[in-house]
Amino acid sequence: MFIAGVWVSPGRPDFYRSVVRGMKTIGKRILVIGICGAGKSTLAKELSARTGLPLIHLDQHHWSPGWVESDKALWREKVAELCTGESWVMDGNFGGTLDLRLKFADSVVWLDYSTPRALWRALKRVVRYYGRSRPDMTEGCPERLDLEFLHYILTFKATKNKKIESQLTEFSNSKPVFRFKHPSEAKGFLRRVRG
């Protein structure tokens, strides 16, 4: 696990006691990122509930009904506006705005799960919500499955992880990054988070 510029093992008994001390450590602006299907929105919702911080699902702000994407320039402006809030838990990828979000974030939770795990979870989500909009998505954007989405998941780690890691390395020199490779690590983290 990568935290404040150091790889740390969650297997150490003192790991969570030394890293997670309520809001003093994770801050008031928490960014949740990761591969599609990892459970970013679910984790962000739980973090919001435990901390009392407002929840921002970027998907709800990026997509218009009918799966219409925001204009790139307008999207950066919108993200900048969302980031200026005093406090938040924000989930979503949108690599073209990660630099902007990192400027405002106090900490980052990175769900860096394996591709097979993410694919399985994404497919379960599709089955659960197929033809309907998920609670964390814009109304009018029904869950669907297409080759583009599958390709995005299957190539995410190969095409996105190095850039994410590079951006987070710089960020982590002064702020914590919690990188989880397995859902059990994220669950352990959540159990220790309090407002």
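**Notebook: helix packing and a salt bridge**

I looked first at H3 and helix H9 (residues 183-192), which pack at an angle of about 15 degrees with their axes 10 Å apart. Axes here are lines fitted to C-alpha atoms, for helices over the stretch in contact, and angles run from 0 to 180 degrees between N-to-C directions. Helices (H or I, at least four residues) are DSSP runs, numbered from the N terminus. H3 and H9 are therefore roughly parallel to each other; angles under 35 degrees count as roughly parallel, over 145 as roughly antiparallel, 65 to 115 as roughly perpendicular and the rest as oblique.

This is a predicted model, in which local features need pLDDT of at least 70 and side-chain atom pairs count only at pLDDT 80 or more, while totals for chains, interfaces and linings use all residues. Residues are numbered from 1 along each chain as its sequence is written, and side-chain values use heavy atoms, with hydrogens and water left out.

I noted that H3 and H9 cross in a right-handed way (clockwise turn of the near helix from the far one by less than a right angle; anticlockwise would be left-handed). From H3, Leu43, Glu46, Leu47 and Arg50 make the contact, and from H9, Ala186, Phe189, Leu190 and Arg191 (contact: heavy atoms within 4.5 Å).

I then checked salt bridges (a side-chain nitrogen of Lys or Arg within 4 Å of a carboxyl oxygen of Asp or Glu) and found twelve in the structure. One of them joins glutamate 46 to arginine 50, with the closest N and O atoms 2.7 Å apart. Both residues lie in helix H3 (residues 40-51), four residues apart, about one turn of the helix.

Next I took helix H7 (residues 115-129) and helix H8 (residues 147-171), which pack at an angle of about 155 degrees, their axes 9 Å apart. That makes H7 roughly antiparallel to H8. Their crossing is right-handed. On the H7 side I listed Thr115, Ala118, Leu119, Ala122, Leu123 and Arg125, which meet Phe149, Leu150, Ile153, Leu154 and Lys157 in H8.

Last, I looked up pLDDT (the predictor's confidence in each residue, from 0 to 100). The protein chain has a mean of 86, with 87% of its residues at 70 or more. Over residues 1-23 pLDDT stays under 50.

Key. Helix = DSSP H or I, 4+ residues; strand = E, 2+ residues; numbered from the N terminus.
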